[in-house]
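User: I would like to go through this model step by step. Please keep the answers short and end each on the item asked for.

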Amino acid sequence: MKKADGIIIAVVLTVCAALFLFFRYGEQKHTNQMKAEIYASGRLLQTVSLTDERTREFVIENGKMILSIEQDGVAVSYADCPSRVCVRTGKITLPGQMITCLPNRVIVKLIGYSGFDQEVDVIAR
Ligand SMILES: [Zn+2]
């Protein structure tokens, strides 16, 4: 093997490792992002990004709800509905999970997204 060949192989390996790390890191960053979709009476009221990380108050036509929005999930911390099933559901942390409040006709749905998923979503709608 010539010296030049060795250098080329070293460069190629370094680039491959850099790309691998870049994509790995990029993917992890994407999958950590989640959004909460808040539906009232079947209509999408608001989409909240979990990275905002704050407590929000929602006055929905049938009642008042306070959502506690954290980076790793969403919970209903207060609702003026009689059964409080939504409050007792606790925090949802995985995409696909949801909190339903039947008396207020509210659904809080957790969705995971990345740049790629978002594009697919737009096409699907
Ligand atoms: Zn409720």
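User: In which loop is the place of Gly90?

Analyst: This is a predicted model, in which local features need pLDDT of at least 70 and side-chain atom pairs count only at pLDDT 80 or more, while totals for chains, interfaces and linings use all residues. Residues are numbered from 1 along each chain as its sequence is written. Helices (H or I, at least four residues) and strands (E, at least two) are DSSP runs, numbered from the N terminus. On that basis Gly90 falls in the loop between α2 (85–89) and β6.

User: Is Gly90 buried or exposed?

Analyst: A residue is buried if 20 or more other C-beta atoms lie within 10 Å of its own, exposed if 12 or fewer, and partly exposed in between, with C-beta atoms placed from the backbone. Gly90 has 11 other C-beta atoms within 10 Å, so the class is exposed.

User: How far apart in space are Gly90 and Gly73, C-alpha to C-alpha?

Analyst: In sequence, 17 residues separate Gly90 and Gly73. In space, their C-alpha to C-alpha distance is 9.8 Å.

User: What is the strand order in the open sheet of 4 strands?

Analyst: Two strands pair if DSSP finds at least two bridges between them. β1 and β2 pair in the antiparallel sense over 6 bridges, and 7 bridges join β1 to β7, also antiparallel. The order of the open sheet is β2-β1-β7-β6.

User: Why is one side of β2 and of β6 left without a neighbour in the sheet?

Analyst: Strands of a sheet pair through backbone hydrogen bonds, either parallel or antiparallel. β2 (43–49) and β6 each have one side without a neighbour in the sheet because each stands at an edge, with a single partner strand.

User: Which residue in β7 stands opposite Ala36?

Analyst: β1 and β7 run antiparallel. Met34 stands opposite Gly112 in β7. For Ala36, the residue opposite in β7 is Leu110.

User: Which residue in the turn between β1 and β2 has a positive phi?

Analyst: On the β2 side of β1, Glu37 has Thr47 as its bridge partner. β1 and β2 form a hairpin with 2 residues between them. The turn residue with a positive phi, about 50°, is Ser41.

User: How many residues does the largest nonpolar core have?

Analyst: A nonpolar core is a set of buried Ala, Val, Leu, Ile, Met, Phe, Trp, Tyr and Cys residues joined through C-beta atoms within 7 Å. Ala36, Met65, Val74, Val76 and Val108 have the most contacts inside the largest one. β1 (34–40), β4 (63–70), β5 (73–79), β6 (98–101) and β7 (106–112) each supply at least two of its residues. Its residue count is 16.

User: What is the count of buried residues in β3?

Analyst: β3 pairs with β4 in the antiparallel sense over 6 bridges, and Val59 has Lys64 of β4 as its bridge partner. Strand β3 covers residues 55–60 and is hardly covered. Among its 6 residues, the count of buried ones is 0.

User: Over which residues is the pLDDT below 50?

Analyst: pLDDT is the predictor's confidence in each residue, from 0 to 100. The chain mean is 81, and 78% of the residues reach 70 or more. Where pLDDT is low, the predicted coordinates should not be read in detail. The stretch below 50 is residues 115–120.

Key. Two residues are in contact if their C-beta atoms, placed from the backbone, lie within 7 Å.
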